[in-house]
Amino acid sequence: MTDRQARGATVPGDRPRTRRRFRAGAWLDGMVVPTVAVLAFVVAYPTLRSIVLSGYNDQLLDPTHIRFIGAANYARLFRDSVFWTSVTNTLAFTAWSVGIGFLLGLALAVLTEHLPPSLRWVRGTLLTPWAIPVIVVAFLFRYMLDQQVGIITYLLVHLHAIATAVPWLASLQWAMPAVVLANVWSQTPFYLLMFVAALKSIPEEIRDAARIDGAGGWQEFWHITVPFLQNTMVVSSLIMVINNFNNFPLIWAMSGGGPVYATTTLVIYIFQLAFSQFDIGYAAAVGTIWLAVLLLLAIAYIRVLERRPLSAVEEP
Amino acid sequence: MFPKLRARRWWPLVLVLLAGLLMPASRPVSAAPTVVLTFVNWASAEPATRPAFQQVVSNFERTHPGVEIKSVPVSFSDILHQLIVQTTAGNPPDISEIAGNDTVALQATGALQSLDGIAPRAFLESLYPSEVTLGRFQGALYVIPWDVAPLGFWYNRTLMKQAGLNPAKPPATISEWTDDMRAIKAKDPDVVPFGLDTTNRSFGLDVNWAFMLAFGAHPLGAHGPNADTPQMIAYLTWVRTLATQGYTLPGKLLGEFRPLAARNQLAFAFDGPYLRGVILSLNTTMTPAQLDATWGVTVLPAGSDGRHYAIPTDHQLVMFKAARDKAAAWAFMQYLASDPTAIRTYTFNSGVIPPLKNATALFPTDMGVATIQGFVRDVIPTVVLPAWGPVYSKAYPAIMTGVQQAASGSGSVADIARQMQAQLQAAY
Amino acid sequence: MPRLPMLGRAVGAALLLLALVWTMFPVYWMLITSLKTNLAMFQVIPQLWPTEPTMDNYVQLANGASPVDRLFANSVVTSVATALVTVVLATLAGYSFSRGRYRLKGPVMYGTLATQMFPLVVLLIPLYLVYLRTHLLDTYLGLVLSYCAFSVPFGAWMMKEFIDSVPREIEEAAWVDGCSRLQSLLRVVMFVVLPGIVATGVFAFLSAWNNLLFPLTLTSSMEMKTLPPGLLLAFTGQFKADWAGMMAAATITTAPVVLGFAVVQRFLVEGLTKGAVRG
């Protein structure tokens with residue numbers, strides 16, 4: 001089998017000689033039906049209801065005055081400074097969390113790839129943060145970053161990295177970094193796992209071939225590892241971008257969206273609108289805008305996914 | 001369209017697992033009672049109050065055979081959320097514990113049962129009149145008090161003496177108080193002079209409301225917001241002073257200062273009668289006598305108008321219109337509020353005050369505790385209501401984020417007040 | 001083993017050590033906090049090792065002061081069920097996305113991804129209503145369904161990527177032997193992408209494990225709550241927050257998951273894919 005065939009490209013004229021399995025006229029594949037059913041029930045129907053809801057003035061505390069107001073919620077949205085703050089916060093939180101987690105996870109995956117058997121436990125240990133419920137991570141970091149009794153604050157002051165104790169989670173500049181710190185700590189194992197699985201799938205022959213050709217560690221990384229990991233990189237970062245857009249427990253338990261909306265992301269804002277202010281019509285409108293933004297983002301991602309060549313490795 | 005499925009050895013296992021999921025969750029089996037009352041509350045959620053509460057429930061069920069109480073624990077900060085979601089879905093509980101603005105907001109949705117005609121006159125007359133008024137909306141009674149728990153001014157005599165202040169004379173005015181805080185901070189930088197709640201919740205605004213009143217700030221007027229005033233600016237400046245001088249810790253919930261109080265690291269607190277119980281449970285080496293020697297309770301220092309203010313954080317009980325057996329539901333509500341065993345088991349145990357006028361006569365020992373006497377004598381007469389209601393629910397973020405901004409030290413206080421005013425317009 | 005210069009290896013070792021410290025210090029902190037009393041936690045000079053270690057918090061847990069055992073059981077059941085259901089549905093769907101040819105493939109593929117784009121938070125009230133009418137409130141099935149709705153689409157896309165990289169020749173060999181598509185999936189493809197399946201399962205498990213919003217809203221009784229809302233409910237409150245108790249509960253409930261991880265990751269690493277793709 002040639003290398004090209006090994007990478008999944010079919011040779012023209014190659015056809016299964018058994019009866020055709022692909023009935024091109026089929027509308028839907030049975031294998032995908034259970035998934036579609038679950039999604040329709042749990043997501044599609046409530047989503048449609050929510051989009052409809054966004055055109056109404058629906059205040060749960062005032063159930064007698066529900067009325068259709070068309071696009072008024074959206075007009076209010078554009079004038080709402082908290083909304084725009086939450087958008088930039090969401091982008092910042094997601095970008096930093098995914099960026100740092102991605103790099104850390106990749107670095108750790110590469111570092112732990114060829115550990116001797118006696119040190120294999122290191123990789124398992126590095127996965128621990130992911131097993132700790134995010135709520136606990138939030139409270140743990142809140143405690144460690146406490147202005148008065150937090151160990152991190154204490155160490156920073158005593159190592160003279162900072163002059164006086166900073167109230168991290170009550171500070172306008174430091175609340176977001178604090179939350180990102182906890183988030184990265186919690187999520188790095190995911191990237192580590194994804195990249196470990198992907199690294200395993202790089203064919204040994206290609207690596208051997210590169211080594212025989214005299215490639216050093218760094219060149220091997222750039223020209224062989226990275227191209228093979230491209231798909232995993234794109235998919236895992238997309239998953240985590242969407243995950244972090246939706247990240248509620250960590251921020252809620254750590255900072256509650258404060259101080260003064262400094263860590264209020266879209267999720268937190270919508271939660272407050274829907275369940276503290278009970279203004280669900282407006283909350284649905286904010287949610288619909290979010291839907292549009294994420295759809296565009298996902299489409300962009302998918303274009304990148306599809307444009308990548310089937311094989312990134314040049315033929316010898 | 002469907003590929004051929006051949007039974008594999010492990011398919012049955014998966015099916016059994018999925019079938020197991022379809023079984024409804026098993027509930028404890030009991031002899032079929034005639035009435036089941038659902039009671040949403042946080043008393044059974046919190047570790048501090050759960051055991052005593054469960055005791056009260058079993059006492060009630062024993063003395064009222066045929067009634068079973070199904071307690072639904074919900075966290076204090078999620079109560080309104082839970083009740084609104086359930087009510088909107090057409091699935092409200094029979095009775096709920098509730099407090100503060102949540103009560104007023106809930107009442108405005110029209111989901112509550114009016115208690116006129118259900119609550120016996122004798123019972124209502126046994127309550128503090130101010131408590132009964134608290135439960136009236138547009139003339140009709142909707143809410144009864146489970147206990148009385150206003151926020152009062154606690155002062156730590158030990159820390160005051162240590163800082164050279166007179167422990168028998170707690171500060172009577174805000175400016176005296178700020179001076180006292182400075183002295184305490186100067187004496188020991190590890191001590192936090194005062195625990196101010198600066199969180200973005202309706203309860204956060206409840207706490208700050210008393211101070212705003214003391215400074216003469218009334219941000220929520222009857223016809224519109226009134227936040228851009230010199231009085232509000234004075235108040236915000238005071239908050240800024242507290243935060244930047246280290247007289248308080250910014251960004252904390254009221255409850256987060258209680259462990260500091262238990263360690264004698266907090267000099268002043270604006271907290272309810274339950275602080276006593278919390279301190280004793282945290283600091284197991286402190287005896288009640290030591291606590292009473294250390295902590296005193298009095299009225300909040302007065303502002304420029306010379307008046308003292310206190311804010312109620314009473315736990316209240318409401319019945320929902322959809323409750324099927326209203327007589328049984330009322331029996332439980334009345335039991336919680338006025339039955340002597342229930343009061344001894346739960347109310348005093350949580351460190352709060354029963355809503356009965358003659359409580360001091362009925363329970364001399366429990367009511368004789370020094371801090372409780374401080375509340376009954378000094379604090380309760382100064383209780384005022386914040387401007388609770390649907391507007392309050394929408395307005396508190398604008399006000400509390402303004403307070404947080406002031407505490408953070410950035411931006412001019414005048415700008416903050418102006419911004420607060422602009423944001424409050426949207427709430428009206 | 002790639003040839004790395006000695007300096008490279010020393011640097012690598014130092015970095016790994018740093019990574020271990022970064023990873024384990026908070027875990028260590030969680031452990032020792034669980035051995036302190038709430039009072040000791042608030043000492044101004046944090047105790048790197050508790051001066052008066054106490055097992056009180058664990059004793060309280062054992063006494064059933066808080067229903068942590070129930071919370072843990074609920075979390076485990078729903079998370080494992082979510083992982084299993086997700087793996088099954090995602091592998092099927094992923095295979096369909098990768099190999100299938102049918103008219104609605106494009107819309108279904110992008111549709112499943114699109115369902116992830118809407119914030120769960122806004123869906124909660126309509127979803128609560130749907131669940132109320134279908135009696136799914138306060139049930140394991142209801143929770144698992146809602147969790148799956150958010151782990152299956154990602155799982156399907158991930159499996160699609162993994163299955164895409166499996167050469168057709170491997171399956172064609174199976175078809176020649178007379179297998180149907182499903183059989184070739186189960187007998188051949190599945191084993192090649194086993195690390196992907198394990199990763200999907202782990203991801204689904206953990207997203208269910210950590211989910212706060214859904215169990216918060218869709219369960220009301222304490223018997224059915226999972227760990228995240230349950231821990232909040234049991235250890236934080238109006239009167240006082242029992243952080244030390246929460247850390248004890250967290251330690252006890254996290255330990256099995258961490259051990260589970262240790263086992264699974266070894267399986268992943270020594271995976272059956274070593275050498276599966278051969279010339």
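## Contacts of Gln404(B)

Leaving aside neighbours within four places in sequence, Gln404(B) is in contact with three residues of chain A, Gly258(A), Pro259(A) and Val260(A), and with Thr198(B) and Asn200(B) of chain B. The model described here is predicted.

Gln404(B) is part of helix H19 of chain B, which covers residues 390–408. Within 10 Å of Gln404(B) there are 25 other C-beta atoms, so the residue counts as buried, the cut-off being 20 or more. Leu112(B) is 292 residues away from Gln404(B) in sequence, and the two C-alpha atoms are 34 Å apart in space.

## Domains of chain B

Chain B has two domains, each made of two stretches of sequence. Domain 1 consists of residues 35–145 and 316–351, and domain 2 of residues 150–311 and 386–427. A distance of 30 Å separates the C-alpha centres of domain 1 and domain 2 of chain B.

Where these domains touch, domain 1 of chain B supplies 9 residues and domain 2 of chain B supplies 15 residues. On the side of domain 1 of chain B that touches domain 2 of chain B, 4 residues are nonpolar, 5 are polar and none is charged.

## Chains A and C

Between chain A and chain C, 91 residues of chain A are in contact with 98 residues of chain C. Helix H2 of chain A, residues 33–53, gives the largest share of the chain A side, with 13 residues.

By class, the side of chain A that touches chain C has 63 nonpolar, 17 polar and 11 charged residues.

How values were computed. Residues are numbered from 1 along each chain as its sequence is written. Chains are lettered from A and ligands numbered from 1 in the order in which they are written. This is a predicted model: local features need pLDDT of at least 70, side-chain atom pairs count only at pLDDT 80 or more; totals for chains, interfaces and linings use all residues. Domain bounds come from an automatic or database domain assignment. Two residues are in contact if their C-beta atoms, placed from the backbone, lie within 7 Å. Ala, Val, Leu, Ile, Met, Phe, Trp, Tyr, Cys and Pro count as nonpolar, Asp, Glu, Lys and Arg as charged, and the others, Gly among them, as polar. Helices (H or I, at least four residues) and strands (E, at least two) are DSSP runs, numbered from the N terminus. A residue is buried if 20 or more other C-beta atoms lie within 10 Å of its own, exposed if 12 or fewer, and partly exposed in between; C-beta atoms are placed from the backbone.
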